[in-house]
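Welcome, and please open your viewer. We will go from stop to stop, with something to select at each one.

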Amino acid sequence: MEKNPIYTLKELTLYFLKLGTMGFGGPVALVGYMHKDLVENRKWISEEEYKEGLALAQLAPGPLAAQLAIYLGFVHYRFLGATLIGFAFILPSFIMVVLLGIVYKLYGGLSWIQAVFYGIGAAVIGIIVMSSYKLTIKSIGKFNLSSFKQNWLLWLFFIVAVIVTLVTQQEQVLLFIVAGFLYMFVKAPPKWFNNKTTNSIVLLPMGFWNYDNSTLVKIAIFFAEAGAFVFGSGLAIVPFLHSGVVVENQWLTEHQFVDAVAVAMITPGPVVITVGFIGYLVAGFPGALVAALATFLPCYLFTIALAPSFKKIAQNKSIKAFVDGITAAVVGALVGAVGVIASRSILDIPTTLIAISTIFALLYIKKIQEPYIIAVAAVVGVVIKLVL
């Protein structure tokens, strides 16, 4: 790490404030913007530093773009840099989703709002289908015989997670942890395992719903756990949120949840910021604040804890295998959650056509961004409701 950066912390903070305000396109696009702007154009961050940050973002839990942003803030300005950059990147989209939450609560019952989200909800299903497909290819491999043979265990975790999610209609965090440990033991067993000290494994307690009856405390605990199991793409948090918000606690209806995901798609910054919108619908501004802080806190803590010694950690094959196993199960859960949500949200021919059209648009129209698709779907939804 360089001792004398060629930029000030203020300049970097303002950059991420702007990126958080205008950065559309999801985690992959945001990560690309950071490389182009900070590495290639401004040369504030070296290629090696960027790659280390990207590797950490993929290895540790936390939404990809936010994790990388926090790491890049840490590179030259350590704790203060990571903290300021994290807030600067997340704050603009948080404010936007809270404002949208206010509008949604005030006018959600009006027919024109319902018509807008009628089209948007269907488009969101199509977007998540494509995102889960891309995430599967990136995390496990292509859908071909060679990949099935080479990564058969990861594909097994993936399929089991899909089936379990579809059958139970909720996420099983224990399944993810078991998948991580199994893959680690098979592919890269740690030294303590070879020494037959396996009885030291302690699984995290799962029954956190009984800790407190206060809504804010329940929100904090639930969203902190959700944030701790997001690997790679922000959309990986969708099955966790759906399980806890719709099924377990019944804080939102199915349609409200799909609308919440839609809000994340039409706002810039990290996709995970939808938690702010959900929190606002559940418990007003305090709920939005608690949900956002709880979700991003694990990401922040992992980054500042791992960054100083990350080079050594990144070379640990056991840790890599553990993350690979968890990721395969999480992606499978995402695919299963898509099936559950779609079965409850795609209810007629128009919404089916909108969802299918969205998938084809993302497949065949190069460089099209989700906000444009959402805007078109909103207009289509209004037109359909007017005609019908």
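At 57% relative accessibility, does Lys 43 count as buried or exposed? Select Lys 43 and turn on a surface: this residue counts as exposed, because its relative accessibility of 57% is over the 50% cut-off. Keep in mind along the way that this is a predicted model.

**Two loop residues**

Lys 43 lies in the loop that runs between α2 (26-41) and α3 (47-59). Check its backbone too: phi of Lys 43 is near 60 degrees, a positive value in a residue that is not glycine.

Now select Gln 250, in the loop between α11 and α12 (254-266). Here phi is near 55 degrees, again positive in a residue other than glycine. Gln 250 counts as exposed, with 61% relative accessibility.

**Into helix α11**

From that loop, step back to helix α11 (residues 238-248) and pick His 242. Is His 242 buried or exposed? With a relative accessible area of 1%, His 242 is buried, because buried means under 20%. Show what surrounds this side chain: setting aside neighbours within four places in sequence, His 242 is in contact with Val 247, Glu 254, Phe 257, Val 340, Ile 341 and Arg 344.

**A helix pair**

Next, colour helix α4 (residues 64-107) and helix α13 (residues 274-306). The two pack at an angle of about 165 degrees, and their axes are 10 Å apart. An angle over 145 degrees counts as roughly antiparallel, and α4 and α13 are therefore roughly antiparallel to each other. Their crossing is right-handed. Sorted by class, the contact of α4 with α13 has 27 nonpolar, 6 polar and 1 charged residues.

Stay on helix α13 and select Thr 295. How does Thr 295 stand in terms of accessible area? Thr 295 is buried, at a relative accessible area of 0%. Beyond the neighbours within four places in sequence, Thr 295 is in contact with Phe 223, Gly 227, Ile 237, Val 272 and Val 275.

**Zoom out**

Finally, show the whole protein chain, with its 17 helices and 2 strands. Of the 388 residues in the chain, 53% are buried. Among contacts between residues at least 6 apart in sequence, 73% join residues at least 24 apart. For a last look, switch the surface back on: the chain exposes about 17,800 Å², and carbon and sulfur atoms supply 66% of that area.

Definitions and conventions
Residues are numbered from 1 along each chain as its sequence is written. This is a predicted model: local features need pLDDT of at least 70, side-chain atom pairs count only at pLDDT 80 or more; totals for chains, interfaces and linings use all residues. Side-chain values use heavy atoms; hydrogens and water are left out. Axes are lines fitted to C-alpha atoms, for helices over the stretch in contact, and angles run from 0 to 180 degrees between N-to-C directions. Helices (H or I, at least four residues) and strands (E, at least two) are DSSP runs, numbered from the N terminus. Angles under 35 degrees count as roughly parallel, over 145 as roughly antiparallel, 65 to 115 as roughly perpendicular and the rest as oblique. A crossing is left-handed if the near helix is turned anticlockwise from the far one by less than a right angle, and right-handed if clockwise. Ala, Val, Leu, Ile, Met, Phe, Trp, Tyr, Cys and Pro count as nonpolar, Asp, Glu, Lys and Arg as charged, and the others, Gly among them, as polar. Buried means under 20% relative accessible area, exposed over 50%, partly exposed in between (1.4 Å probe, protein chains only). Contact means heavy atoms within 4.5 Å. Accessible areas come from the Shrake-Rupley method with a 1.4 Å probe; for residues, only the protein chains shown count as cover.
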